[in-house]
Amino acid sequence: MEFNFNINNLFGNEICLIDKELTPYRTSPLNIREYKAQLCQVLDKMGDASAKAQGLHGAITTAHRLQLTDHHLYMMKDASANGGKGAVVGFIKTGHKRLFIYDHNGVNHEMEPLCTLDFYVHESRQRTGCGRKLFEFMLKAEGVQPYQLAIDRPSHKFLAFLNKHYKLKTAVPQVNNFVVFEHFFRSVSSSV
Ligand code: ACO
């Protein structure tokens with residue numbers, strides 16, 4: 001996704017972590033006001049695009065909401081696109097949620113796992129490996145394995161992605177919108 005400002009002034013690396021502080025990277029040439037205004041525009045536009053791609057009525061990800069949570073958003077850019085101004089490729093957002101999750105035996109556990117909350121790669125870049133790169137970056141940064149995540153309302157594309165790259169296909173049935181896969185209970189400590 002292209003903007004009429006330079007994306008490379010917002011993100012120093014190919015993939016950057018953004019949290020509620022919306023802190024500029026160390027050598028950004030923008031002042032804090034310009035930085036936040038442009039970053040908020042990027043977050044809102046990407047949040048809208050993600051919602052549209054998932055057929056949702058409202059965006060899950062907005063700059064305003066991000067500032068009210070402890071969620072982590074990893075944004076990926078292509079530095080050389082748009083005549084050197086850069087373009088935003090996609091993002092993945094994670095956060096801990098207090099959930100009631102059923103195990104294989106139908107026992108309900110109260111827990112607070114790391115969840116994948118929103119994941120989007122721009123239409124022009126889908127199926128070219130960008131999603132995998134973002135996802136791998138997030139796994140390393142958060143120190144988790146794919147099977148340890150709870151996924152909020154995964155789309156059929158995301159389910160296909162998890163199956164293809166991580167062989168995750170057998171979900172443990174839940175009554176909420178979250179999906180967890182087998183082995184999830186091996187790794188997450190329960191408060192029950
Ligand atoms: N149809 C079916 N499977 C797809 C599709 C599609 N149109 N697009 C991607 N995939 C899956 C397939 O397994 C594909 O492998 P294949 O091409 O060999 O079939 C694999 O993903 C490709 O892997 P990447 O290229 O690394 O993934 P990509 O960059 O496309 O990112 C993502 C995956 C984020 C799901 C992207 O397709 C996307 O943004 N889709 C629209 C929004 C969406 O559905 N987001 C997830 C919502 S759920 C949530 O956020 C918790």
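**The ligand and the sheet beside it**

Me: How many residues surround the ligand, and which are the closest?
Reply: In this predicted model, 25 residues surround the ligand, the closest being Phe-119, Val-121, Gly-129, Ser-155 and Lys-164; a residue counts if one of its heavy atoms lies within 4 Å. Numbering runs from 1 along each chain as its sequence is written, side-chain values use heavy atoms without hydrogens or water, and local features need pLDDT of at least 70, side-chain atom pairs 80 or more, while totals for chains, interfaces and linings use all residues.

Me: What makes the approach of His-165 to the ligand a polar contact?
Reply: A polar contact is a pair of N or O atoms within 3.5 Å, and an N or O atom in the side chain of His-165 is 3.0 Å from a ligand oxygen, so the pair qualifies. A polar backbone atom of Arg-127 also qualifies, at 2.8 Å from an oxygen of the ligand, as does the side chain of Gln-126 at 3.4 Å. Taken alone the ligand exposes 970 Å², of which the protein buries 87% (Shrake-Rupley method, 1.4 Å probe).

Me: Which helix gives the most to the shell around the ligand?
Reply: Helix 4 does, with six residues; it spans 156–166, and helices are DSSP runs (H or I) of at least four residues, strands (E) of at least two. Strand 6 (114–121) is also among the elements that each supply at least two shell residues.

Me: Why do strand 1 and strand 8 count as edges of the sheet?
Reply: Strands pair if DSSP finds at least two bridges between them, and seven strands form an open, mixed sheet in the order 1-2-3-6-7-9-8. Strand 1 (15–18) and strand 8 (171–172) each have a single partner, so one side of each lacks a neighbour in the sheet.

How values were computed:
Polar contact = N/O pair within 3.5 Å; in protein donor to acceptor, adjacent residues only side chain to side chain.
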